[in-house]
Amino acid sequence: MKAYSVFKKDWQSELRTRYAINALAMFILVTISVILFSIGDEPISNYLTGGLLWVVIFFSAMSGLSRVFVSEEERGTTLTLQLIAAPSTVFFGKLIFNLILVFLMVIAITFLYAILFDNFIIENLGLFLVSLFLGSAGIAISSTLIAAIIAKANTKGTLYPVLSFPILLPLILTLLELTKFSMDGESFAFGWTYLAILVSYDVVMLTAGFLLFDFIWKE
Amino acid sequence: MIYTLALENITKYFGRQLIFKNINFKFSQGNVYGLAGNNGSGKSTLTKIIAGVLSQNKGKVLHKIDNKEIEAEKLHSYLGFVSPYLMLYDEFTANENLFHFAKIRGIKFDEERIKYLLNEFNLYRRRNDLLKAYSSGMKQRMKFIFALQHSPKLLLLDEPTSNLDEEGKSKVYKIVENEKENSVVIIASNESKDLELCSKLIKVEEYK
């Protein structure tokens, strides 16, 4: 309940300041436009559109998800939060915020993709949606933890994607495979191993985040 | 509920620089304690260590309620903190700030107490204004309301009268007098008038 209150505070603050939403929206629009312009009339394979989808999702996440902690640090309110809540409360509150943001972002990107790319054809929609859900959760969990780490650094903007890349790489590679399976119309049973990897990744990152956050949060 | 605080061999370094070492002190309810020292002597560092937001290199800070140690996870429920580097949310009004703080702390938003505190610090009429429209003195008063909202057992005041006018300062002194009955009050300051309120002083510079 307290974590939900942290989320509510952040959400209300976000609606007023538009720290993350504007950055995300602009990044999504610009990236998809650049891809469309660079492709032009050239025919591209549907596998490539699937790959590009995760490139857009990864970089969009990098542009907006760090704001949960960076905005607190920039406004000097980190101490305030330390004084009113336990570290686990803050971690889960920020995680709920990033989960919502990632889900909105992924829905927007996938919707735009479906409209703008003719070759983006998903044969097994169920498998694709489950992958999208588990993948988004993984991105949100990892990004929240990394955002807390980089928030106190001077070179936040550079450090965030650099630190995130090796941590998100196994997740992105698994998602690329699952997207390919969805495009080929493979069954759930066929992609089961990869789905199990996604679930394991989410559980491991969530546990690591919960255990490590205390050390990151305190100076 | 009887609250006590004990510092045992507290030592702090920033890199290789020693800030203070082996501070041993016991604090008990009903008293006002002062942390004195020149700029850079480590007063603010010690208040942060007591508040549990900064780690010490050596030693222990023991917060106890009825002789039972308070878990680090729950310390924030017993702590009120005012300092120049504490910032509240500028994009919210005073009321919204206090509402969010109450919910995050997991306590009831006590409208009567909030009204009393806002009146005490002359902010009641401005309670629905965004904090970004407040002057630095008003923000300082707002920090006191933030610190007192949940009736803390430990009140840590780092330079409590900075940015305040004479009326604001008198209000702070009155609050300190009232709060010391049921809690431990620690004031870190250079102002002699602030330190006059204290029954015991820790001169941080003596612990080098």
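Reader: What makes up the charge picture of chain A, and how far apart do the centres of the positive and negative side chains lie?
Author: Chain A carries 12 positive and 15 negative side chains, with 18 Å between the centres of the two sets. Please keep in mind that this is a predicted model.

Reader: And how many positive and negative side chains does chain B have?
Author: There, 32 side chains are positive and 26 are negative, and their two centres lie 4 Å apart.

Reader: How do you know what kind of elements chain A has?
Author: Helices and strands are read as DSSP runs, with at least four residues needed for a helix and at least two for a strand. On that basis chain A has nine helices and zero strands, so every step from the N terminus on is an α, from the first through to the ninth. For chain B the result is six helices and nine strands.

Reader: Why does the radius of gyration of chain A agree with that of a compact globule?
Author: The rule takes 2.2 Å times the number of residues to the power 0.38. For 219 residues that gives a value near 17 Å, and chain A has 18 Å, so the two agree. Its C-alpha trace spans about 55 × 35 × 30 Å along the principal axes.

Reader: What does the globule rule say about chain B?
Author: With 208 residues the expected value is again near 17 Å, and chain B has 17 Å, which agrees. The C-alpha trace of chain B spans about 45 × 35 × 35 Å.

Reader: Why is A:Ser142 called buried?
Author: The cut-off is under 20% relative accessible area. A:Ser142 has 0%, and therefore counts as buried. This serine is found in helix α7, residues 125-150. Leaving aside neighbours within four places in sequence, A:Ser142 is in contact with A:Ile167, A:Leu168, A:Tyr201 and A:Met205.

Reader: Is A:Tyr160 buried or exposed, and how do you know?
Author: Exposed would require over 50%, and buried under 20%. A:Tyr160 has a relative accessible area of 1%, so this tyrosine is buried. A:Tyr160 belongs to helix α8, residues 156-184.

Reader: Which residues does A:Tyr160 touch?
Author: A contact needs heavy atoms within 4.5 Å. Not counting residues up to four places away in sequence, A:Tyr160 touches several residues, among them A:Ala61, A:Met62, A:Leu65, A:Ser143 and A:Ile146. As for A:Ile84, its C-alpha lies 27 Å from that of A:Tyr160, with the two positions 76 residues apart in sequence.

Reader: What share of each chain counts as buried?
Author: In chain A, 51% of the 219 residues fall in that class; in chain B, 52% of the 208 residues do.

Reader: What makes up the accessible surface of each chain?
Author: Chain A has about 9800 Å², of which 71% belongs to carbon and sulfur atoms. Chain B exposes about 9500 Å², and carbon and sulfur atoms supply 45% of that area.

Reader: How do you know that chain B and chain A are in contact?
Author: The same kind of test, heavy atoms within 4.5 Å, is applied here. By that test, 27 residues of chain B are in contact with 25 residues of chain A. Between them the two chains bury about 2500 Å², with 61% of this on carbon and sulfur atoms. From chain B's side, B:Val53, B:Tyr89 and B:Ile104 supply 29% of the area buried against chain A, more than any other three residues.

Note on methods:
Residues are numbered from 1 along each chain as its sequence is written. Chains are lettered from A and ligands numbered from 1 in the order in which they are written. This is a predicted model: local features need pLDDT of at least 70, side-chain atom pairs count only at pLDDT 80 or more; totals for chains, interfaces and linings use all residues. Side-chain values use heavy atoms; hydrogens and water are left out. Buried means under 20% relative accessible area, exposed over 50%, partly exposed in between (1.4 Å probe, protein chains only). Accessible areas come from the Shrake-Rupley method with a 1.4 Å probe; for residues, only the protein chains shown count as cover. Lys and Arg count as positive and Asp and Glu as negative; His and the chain ends are not counted. The place of a charge is taken as NZ of Lys, CZ of Arg, CG of Asp or CD of Glu. Buried area is the accessible area (1.4 Å probe) that two parts lose on being put together, summed over both.
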